[in-house]
Amino acid sequence: MSTATCRICGLLYVSSLVEDQKTHAAIHKKLASGSQPQKVRDFSKAFGWAVAHNDGGLERMKDQHDPELGKLVVAFSWWSRALSNGVQVKDFDSYMEAHLAFADSLVSGIDVDKTSAAIKKWERFAG
Ligand SMILES: [Zn+2]
């Protein structure tokens with residue numbers, strides 16, 4: 001029995017369990033239609049309030065968030081824009097995987113050509 005943590009929704013699940021597959025699919029269905037994982041919403045709120053109060057909150061937040069969460073927030077922003085521009089909801093998983101890989105390569109500087117080629121097919125939804 002192997003467990004996995006989903007990079008997109010954060011769920012820890014047993015990939016061979018039908019019950020877990022159903023739960024996982026239900027979560028992704030909601031995310032695909034525009035909902036966001038709680039940690040993404042929490043990040044946006046913390047960032048928004050820190051900027052709104054402008055009292056050093058951004059400095060205090062500095063060590064509280066990991067780079068993976070940063071990439072996820074960016075990827076969900078891209079998905080939100082793509083949704084507004086008519087992307088197919090069924091593309092959610094492949095879109096997010098490709099765009100998280102693209103974010104990885106932008107941060108690391110490795111394989112940028114390869115990962116940017118992989119997101120090309122959704123380019124028309126980025127405008
Ligand atoms: Zn997931």
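Let me start with a single residue: Asp111 counts as partly exposed, because 14 C-beta neighbours lie inside 10 Å, and partly exposed is what a residue is called between the limits of 12 or fewer for exposed and 20 or more for buried. Asp111 sits in the loop between α5 and α6, the latter covering residues 112–118, and although Asp111 is not a glycine, its phi is positive, at about 60°. Please keep in mind throughout that what we are looking at is a predicted model.

With that residue in view, let me step back to the whole chain. The protein contains six helices and two strands, and if you read along the sequence you meet them in the pattern β-β-α-α-α-α-α-α. The C-alpha trace spans about 50 × 35 × 30 Å along its principal axes. Of the 127 residues in the protein, 15% are buried, and if we take the contacts between residues at least 6 apart in sequence, 47% of them join residues that are at least 24 apart.

Now to the helices, in order. Helix α1 runs over residues 18–32, which is 15 residues, and from its first C-alpha to its last it reaches 21 Å, close to the 21 Å expected at 1.5 Å a residue. Just after α1 comes Gly34, which takes a positive phi of about 120°. Gly34 will return when we reach the loop that holds Val89.

Helix α2 covers residues 38–53, and one of its residues is Ala46. Ala46 counts as partly exposed, since it has 16 C-beta neighbours inside 10 Å, and its C-alpha atom is separated by 15 Å from that of Gln36, which lies 10 residues away along the chain. In the loop between α2 and α3, where α3 is residues 57–61, we find Asn54. Like Asp111 it is not a glycine, and yet Asn54 has a positive phi, here of about 45°. Is Asn54 buried or exposed? Asn54 is exposed, because it has 8 other C-beta atoms within 10 Å, and the limit for that class is 12 or fewer.

The helix I would like to spend the most time on is α4, residues 67–84, which has 18 residues and reaches 26 Å from first C-alpha to last, close to the 26 Å expected at 1.5 Å a residue. Its buried residues are Leu72, Val73, Ala75, Phe76, Trp78, Trp79 and Ala82. As a general point, an α-helix has 3.6 residues a turn, so residues three or four places apart point the same way. What covers the buried residues of α4? The cover includes α2 and also α5, which spans residues 92–108.

Let me take these two partners in turn, beginning with α2. The axes of α2 and α4 come within 10 Å and cross at roughly 95°, which makes α2 roughly perpendicular to α4. On the α2 side the meeting residues are Lys39, Val40, Phe43 and Ser44, and on the α4 side they are Leu69, Leu72, Val73 and Phe76. Sorted by class, this contact of α2 with α4 holds six nonpolar residues, one polar and one charged.

The second partner is α5, which packs with α4 at an angle of about 130°, their axes being 9 Å apart, and that makes α4 oblique to α5. The crossing of these two helices, α4 and α5, is right-handed. From α4 the contact draws on Pro67, Lys71, Val74, Ala75, Trp78, Trp79 and Ala82, while α5 contributes Tyr95, Met96, His99, Leu100, Ala103, Asp104 and Val107. By class, the residues of this contact of α4 with α5 divide into 11 nonpolar, one polar and two charged.

Finally, let us follow the chain out of α4. Just after the helix, Gly86 takes a positive phi of about 90°, and in the loop between α4 and α5 we come to Val89. Val89 counts as partly exposed, because 13 C-beta neighbours lie inside 10 Å. Which residues does Val89 contact, leaving aside its neighbours within four places in sequence? They are Ala32 and Ser33, and Ala32 is the last residue of α1, the helix of residues 18–32. The C-alpha atoms of Val89 and Gly34 are separated by 9.2 Å, although the two residues are 55 apart along the chain.

Note on methods:
Residues are numbered from 1 along each chain as its sequence is written. This is a predicted model: local features need pLDDT of at least 70, side-chain atom pairs count only at pLDDT 80 or more; totals for chains, interfaces and linings use all residues. Helices (H or I, at least four residues) and strands (E, at least two) are DSSP runs, numbered from the N terminus. The expected span of a helix is 1.5 Å times one less than its number of residues. Two residues are in contact if their C-beta atoms, placed from the backbone, lie within 7 Å. Axes are lines fitted to C-alpha atoms, for helices over the stretch in contact, and angles run from 0 to 180 degrees between N-to-C directions. Angles under 35 degrees count as roughly parallel, over 145 as roughly antiparallel, 65 to 115 as roughly perpendicular and the rest as oblique. A crossing is left-handed if the near helix is turned anticlockwise from the far one by less than a right angle, and right-handed if clockwise. Ala, Val, Leu, Ile, Met, Phe, Trp, Tyr, Cys and Pro count as nonpolar, Asp, Glu, Lys and Arg as charged, and the others, Gly among them, as polar.
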